[in-house]
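Trainee: I would like to learn how to read a structure one feature at a time, beginning with the cysteines. Could you take me through it slowly?

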Amino acid sequence: TVADSLEPTPDALVPTAIYLGPTVGAGSVVVDAETFNENSEDNCTPDNLLRYNVSRDGLPFAQTITFTCADITTPVNVTLRVFDLNNNYADVVQPGVTVRDTVDPVFLSDPLLIDGNCAVAENAGVGYLTHVPDLELIEGTHYGDNCSVSQIYYKIVNVDYPAYSDAGYTLLNNWTDLYNRNFYEGDSEVWFYLVDASGHESIRKVMFNVEVLDMPNPTGFGGN
């Protein structure tokens, strides 16, 4: 009886980059074990009949391996296990598999219309309104990312009175920052600038036509 007891000779790819998928809120990718094979071979089993399992971080071997957003910052050591037709196997470690996120954040909803309201005070003869309701975007409803949005910036542009527009974007610490801003008479646009944890960006006018009407009579201000 002739028996094959020799292990295959495993050969893994040099450190590989794995790219996360684009689906919002699902920053993961499942990779087949054979993806990590380079030129593994065996003394008896043809290359196309070799079987592969894979493991990471000491987890059990399986036919696939999952990478997530949590893997972006630290290279992952992957172990490839190669089987021949006689179930002889050998392992090889592929160090430093890099997980990358190349997907920009996205806006999921159309621009929002905020109903017009009368100004409650004036600045240099121009009425303004503060504490405008509903100036808030919800992650997963209005915007999202395959991993997560780490920073949100905003800019208010007053179409009718440009002098009351923001010169640039301001970091949004929480939504009360925007709620406490003054919106001056006329139409204002609110632009948002999203940045995810990998530094990818998206900019869009999401809220627009925050309409502030002139001061109502009689107030001693304006006229209308």
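Trainee: Is C118 buried, partly exposed or exposed?

Mentor: This is a predicted model, and in it C118 has a relative accessible area of 37%, which makes C118 partly exposed, because that class lies between the 20% and 50% cut-offs.

Trainee: How many disulfides does the count come to, and which cysteines are joined?

Mentor: A disulfide is a covalent bond between the sulfur atoms of two cysteines. Here the count comes to one disulfide, and it joins C69 to C147 with an S to S distance of 2.0 Å. The torsion about the S-S bond of C69 and C147 is about -90 degrees, so this disulfide is left-handed. The pair links distant parts of the chain, 78 residues apart, with C69 in the loop between β4 (64-68) and β5 (76-83) and C147 in the loop between β12 (143-144) and β13.

Trainee: Where do the two partners stand on accessibility, buried or exposed or in between?

Mentor: C69, with a relative accessible area of 24%, is partly exposed, whereas C147, at 19%, counts as buried because the limit for that class is under 20%.

Trainee: Let us turn to the aromatic rings. What describes a pair of them?

Mentor: A pair of aromatic rings is described by the distance of the centres and the angle of the planes. In this model the count comes to eight aromatic pairs. One of them is formed by Y161 and Y164, which lie 6.4 Å centre to centre with 70 degrees between the planes, an edge-to-face arrangement. As for accessibility, Y161 is partly exposed at 30%, and Y164 is also partly exposed, at 21%.

Trainee: What is the arrangement of the rings of Y164 and Y184?

Mentor: The ring centres of Y164 and Y184 are 3.9 Å apart and the planes are at 25 degrees, so the pair is stacked. This pair, too, links distant parts of the chain, since Y164 is in the loop between β13 (149-158) and β14 (170-171) while Y184 is in strand β15 (residues 183-184), 20 residues apart. Y184 has a relative accessibility of 10% and therefore counts as buried. Ring pairs link Y128, Y161, Y164 and Y184 into a cluster.

Trainee: Which charged end sits over the ring of F61?

Mentor: That is the charged end of R81, which sits over the ring of F61 at 3.8 Å from the ring centre.

Trainee: Now for a polar residue: where does S40 lie, and is S40 buried or exposed?

Mentor: S40 lies in the loop between β2 (28-32) and β3 (51-56), and S40 counts as buried, with a relative accessibility of 2%. The side chain of S40 reaches the backbone nitrogen of D11 at 2.8 Å, and a polar contact of 2.5 Å joins the side chains of S40 and N37. Leaving aside residues up to four places away in sequence, S40 touches T9, P10, D11, D47, L50, Y52, L80 and V82.

Trainee: What does the secondary structure of the chain come to, and what share of the residues is buried?

Mentor: The chain has one helix and 17 strands, and buried residues make up 40% of its 224 residues. Among contacts between residues at least 6 apart in sequence, 67% join residues at least 24 apart. The accessible surface comes to about 11900 Å², of which 50% belongs to carbon and sulfur atoms.

Methods
Residues are numbered from 1 along each chain as its sequence is written. This is a predicted model: local features need pLDDT of at least 70, side-chain atom pairs count only at pLDDT 80 or more; totals for chains, interfaces and linings use all residues. Side-chain values use heavy atoms; hydrogens and water are left out. Helices (H or I, at least four residues) and strands (E, at least two) are DSSP runs, numbered from the N terminus. Buried means under 20% relative accessible area, exposed over 50%, partly exposed in between (1.4 Å probe, protein chains only). A polar contact is a pair of N or O atoms within 3.5 Å; within protein, one must be able to donate a hydrogen and the other to accept it, and residues adjacent in sequence count only if both atoms are side-chain atoms. Contact means heavy atoms within 4.5 Å. Rings of Phe, Tyr and Trp (its six-membered ring) pair if their centres lie within 6.5 Å; planes under 30 degrees apart count as stacked, over 60 as edge-to-face and the rest as tilted. A charge sits over a ring if NZ of Lys or CZ of Arg is within 6 Å of the ring centre and within 35 degrees of the ring normal. Accessible areas come from the Shrake-Rupley method with a 1.4 Å probe; for residues, only the protein chains shown count as cover. A disulfide is a pair of cysteine sulfur atoms within 2.5 Å.
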